[in-house]
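Here's a walk through one protein chain, from its overall make-up down to a few side chains worth a look in the viewer. Have the structure open and click along.

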Amino acid sequence: MNGDTPDHDQKSPLLPLHDQPISPKSLLSLQNFYILLGPLLAGLICLTVKLDAPSSRNMLAVLAWMFAWWMTEAVPMPITSMSPLFLFPVFGILTADEVAHAYMDDVIALMLGSFILALAVEHYNIHRRMALTITVLFSGEPLNPQILLLGICGTTAFISMWMHNTAVALMMMPVATGILQRFPTGPRSDVVTTKFCKAVVLGVIYSATIGGISTLTGTGVNLILVGMWKSYFPEADPITFSTYILFGFPLALFIFFAMWIILCLWFVPKGSGPTLSTYLDKSHLKRELDMLGPMAFAEKMILTIFSILIFLWMTRSITDDIPGWGALFNGRAGDGTVSVMMATLLFIIPNKKQPGEKLMDWNKCKKLPWGIVLLLGAGLALAEGVQTSGLTNVLSKALDFLEQVPYLAMAPAVCLICATLTEFITSNNATTTLVLPLLIEIAKTMHVHPLLLMLPGSIGAQLAFLLPTGTPSNVIGFTTGHIDLKDMLKTGIPLKFAGIVVLSVVMPTLASIGALENLVPEFLMYLMYKVHVYIGGARTYIVRGHSKNFHPNTRARKFKVSFSYHIMQITVLFSGEPLNPQILLLGICGTTAFISMWMHNTAVALMMMPVATGILQRFPTGPRSDVVTTKFCKAVVLGVIYSATIGGISTLTGTGVNLILVGMWKSYFPEADPITFSTYILFGFPLALFIFFAMWIILCLWFVPKGSGPTLSTYLDKSHLKRELDMLGPMAFAEKMILTIFSILIFLWMTRSITDDIPGWGALFNGRAGDGTVSVMMATLLFIIPNKKQPGEKLMDWNKCKKLPWGIVLLLGAGLALAEGVQTSGLTNVLSKALDFLEQVPYLAMAPAVCLICATLTEFITSNNATTTLVLPLLIEIAKTMHVHPLLLMLPGSIGAQLAFLLPTGTPSNVIGFTTGHIDLKDMLKTGIPLKFAGIVVLSVVMPTLGM
């Protein structure tokens, strides 16, 4: 700051302060080759492969593209998993809506509910209590190291039956290494203790994998298997939790004991007990268990809920004679139904620790593995695409030569190939997604039950025992320092072959499982997914949410600089000379509103408030402050929070409310013209503009009177702002690229569908591409283009996406589900009849009333998304009763739900402004009441022109 050149020492910034030039050598890197490999393979297939149906060839090209990216990890796996959302429409395989439906299914609901319960177990440290209890039980007196190893590994495998492998390894490794810390290290260690440490660490990571084989919820691989089975064979009996465990548990048990025997033979010889008991005794473990104290109410409740869930999973479908509780619901309920239901109880039951605190809250769910959810959705989308495109028939004909191959030779080969692939692909989920469609076609060619190849493929994909990079669990064990590659190979090779042998022996007995014996490969009719999740629009958060992260300096600068440059430019532009406070206020508010057109309101308020308060810090505070400066501070803070809300009204992507509106319109009126980005902005932007200027006038009248310029210019002048702007430096390459991508995205949104005479680029794809298609496509570029800060570093990585508002995605899905339920159940007709009396009410009276009711509700419900989800189905029925266009009530309802200007709790943006200390409730009411009514009046005037 003082102009001196900083020394290059440890305190220098870790990242370079300037863009690194892109050299030809960096462009020819292996990573860039992997990125190009996908589209190159797809293009090569499209140009050279001749198939009967172009869609089959295109699907093969998409598979090659995705497999290349998955295998090389050219872009993050979750982003590759999202690529069907734009590749399928572009290649003419499925429409944007059809492919989006694959990303929500009962299998994914099963995964989400299970993961939430697993997080509850982790949060309350239940896993540690279970581990110590079982270890004490198995330690023996005198110590029997083989039995102790069995207890540790058995505990890990049991927990892994219900939780994700990686989470189990992360939880159990500290418990295991805590036991091993009692042994001497370095020169004082001996062969016996060193070997036992190796056995324990290897046992934990391998048991976490093996335990996951036992149940559907143990690993994502099993869920992918179930999802693909359901997708390819919709008329066959589903693979339920109870039917799978009858096969998976015995198989895992055999492999588990094989692992234990191998570990004992290599690392825990007979006679090692006396040496180990010197450092490890049962009384010490008991003391650790006693330190945990008695089980708290929260722990008991979570175990109770988990036990009930397992019981419900096991009894939903039992036998033909004893159908299970699922028969009460005529087959409508699935394993995912009860999984989500029991997970919901965690957010209802108090934990008895703090008043009003529940067992779980949504903040604890931020660790949910959304990447795995997307990968599972991609698997289901691929399955749908392979069938719809006709590629299944092509593959079936190409594999005719396998008809004579004996199954007893084929199944072990499949298992071995998958078990080898998974060592190098790292993700067993990706391996499974790659191979299962091919195995289904091979099974049809060989005329064997598809599960007789699908199961060896999916189980084989989990047998990643050789390399540290084979699974995240292996990495966790390797980083403890107790094991090396030689130890893993020494144990993993015999264990892998033991797993393949066990599987090959167990597989022919599969037909004896009652619920599976009737599954036949002739059931190939495809079931279209009816779960509506508007994934495309929600994905725009990837583009919108993180352009603030690319400045190379401190964490605070990372948060602000990317937009601050432009904010300061506009502030300087509007400040005037001499200072005109009304115009300066207009510049700050206008900047906020413009950014809020493309980003979520709360994110904009969070970004803009530090910039705004940074300007206000130049004014005196406390006794030295005066009325003029105090009022101007109030105007700026109120202007930022209200502008963030108003700007979001302008575009579909500005707020979740608009996406809910679009989704419900599509759900209730699928035959009508869709609401596109370009058609909505023609209505939303002028409306927001009128409300914005009404806000500015109200703020000026209340807080920025004429003649305040001289007083304010004492503390705020244009030259000072220019100096701050110069300090930010020129725009970095990353910022320029993000703005370029954003501009292209907006252009594509605006030109997809223009007029009947000028149809837009969407016509090139016969209506298959949607706004979500280009949204995901442009977001993918952020994971491909380098940021020129560090070699190999891209504009975005998946870790930066952890802030994605998944709660809004789920809320949007809930709104669409409610819309479908209201129609399917016949409630629409009931509501229509009940609202007949409204037929004579004039629209000009009804629209303002709707807007006012929603604008009032949203102040107390807090979430404008929730308000919209509640009222839109009712407004649709009222519109039908009144015989007016539904949008003439839906739009006032959704816009009214966003006019939360009165209370600090009305929106998160209001809370952000209130916590600055510059405004109070009186200021919000004083400004918010006239602004709310101005918004209602403007909307009431604009709405009748909607038909134009």
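Let's start with the outside: the chain has an accessible surface of about 39100 Å², and carbon and sulfur atoms hold 67% of that. Keep in mind that this is a predicted model. The chain runs to 948 residues, and 57% of them are buried. As for secondary structure, you'll find 43 helices and zero strands. If you take the contacts in the chain with a separation of 6 or more, 80% of them are between residues 24 or more positions apart.

**The nonpolar core**

As a rule, nonpolar side chains in soluble globular proteins tend to be buried together. In this chain the largest nonpolar core has 285 residues, and the members that touch the most others are L149 and L585. Residues from domain 1 (25–75) and from domain 2 (561–732 + 789–947) both go into this core, so it lies between the two domains.

Zoom in on L585 to see who is around it. Setting aside residues up to four places away in sequence, L585 touches F632, A635, V636, W696, L699, C700 and V704. W696 from that list will come up again among the ring pairs.

**Aromatic rings and lysines over them**

Searching the whole structure turns up 21 aromatic pairs. One of them is Y642 with F901, an edge-to-face pair with 5.0 Å centre to centre and 65° between the planes. These two rings come from distant parts of the chain: Y642 sits in helix α30 (residues 627–649), while F901 is in the loop between α41 (887–896) and α42 (908–914), 259 residues apart. Y642 and F901 are both buried.

F693 and W696 make another edge-to-face pair, at 6.3 Å centre to centre and 80° between the planes. This one is a local affair: both residues belong to helix α32 (residues 677–703) and are three residues apart, about one turn of the helix. In general, an α-helix has 3.6 residues a turn, so residues three or four places apart point the same way. Are F693 and W696 buried or partly exposed? F693 has a relative accessible area of 36%, so it is partly exposed. W696, at 18%, falls under the 20% cut-off and therefore counts as buried.

Rings can also gather in a group: F594, W598, F677 and F742 are linked into a cluster by ring pairs.

Two lysines lie over ring faces, and here they are side by side:

| Lysine | Ring below | Distance from ring centre |
|---|---|---|
| K352 | F297 | 4.4 Å |
| K788 | F733 | 4.7 Å |

Both of these lysines have something unusual in the backbone too. Most residues other than glycine have a negative phi. K352, though not a glycine, has a positive phi of about 60°. K788 also has a positive phi, near 60°, and it isn't a glycine either. Look for K352 in the loop between α17 (335–345) and α18 (370–388), and for K788 in the loop between α36 and α37 (806–824). K352 counts as exposed because its relative accessibility is 63%, over the 50% cut-off.

**Helix α36 and F86**

The helix before the K788 loop deserves a stop of its own. How much of helix α36 (residues 771–781) is buried? Nine of its eleven residues are, so α36 is largely enclosed by the rest of the structure. The buried ones are D771, G772, T773, V774, S775, V776, M778, A779 and T780.

One residue that packs against this stretch is F86, which comes from helix α5 (residues 84–90). Not counting neighbours within four places in sequence, F86 is in contact with T773, V776, M777 and T780. F86 and M778 are 692 residues apart along the chain, yet their C-alpha atoms are separated by 9.5 Å. With a relative accessibility of 6%, F86 counts as buried.

**One more phenylalanine**

For contrast, try F158 in helix α9 (residues 145–160). F158 has a relative accessible area of 39%, so it is partly exposed. Its C-alpha lies 9.6 Å from that of G218, with the two positions 60 residues apart in sequence numbering.

Notes:
Residues are numbered from 1 along each chain as its sequence is written. This is a predicted model: local features need pLDDT of at least 70, side-chain atom pairs count only at pLDDT 80 or more; totals for chains, interfaces and linings use all residues. Side-chain values use heavy atoms; hydrogens and water are left out. A nonpolar core is a set of buried Ala, Val, Leu, Ile, Met, Phe, Trp, Tyr and Cys residues joined through side-chain atoms within 4.5 Å. Buried means under 20% relative accessible area, exposed over 50%, partly exposed in between (1.4 Å probe, protein chains only). Domain bounds come from an automatic or database domain assignment. Contact means heavy atoms within 4.5 Å. Rings of Phe, Tyr and Trp (its six-membered ring) pair if their centres lie within 6.5 Å; planes under 30 degrees apart count as stacked, over 60 as edge-to-face and the rest as tilted. Helices (H or I, at least four residues) and strands (E, at least two) are DSSP runs, numbered from the N terminus. A charge sits over a ring if NZ of Lys or CZ of Arg is within 6 Å of the ring centre and within 35 degrees of the ring normal. Accessible areas come from the Shrake-Rupley method with a 1.4 Å probe; for residues, only the protein chains shown count as cover.
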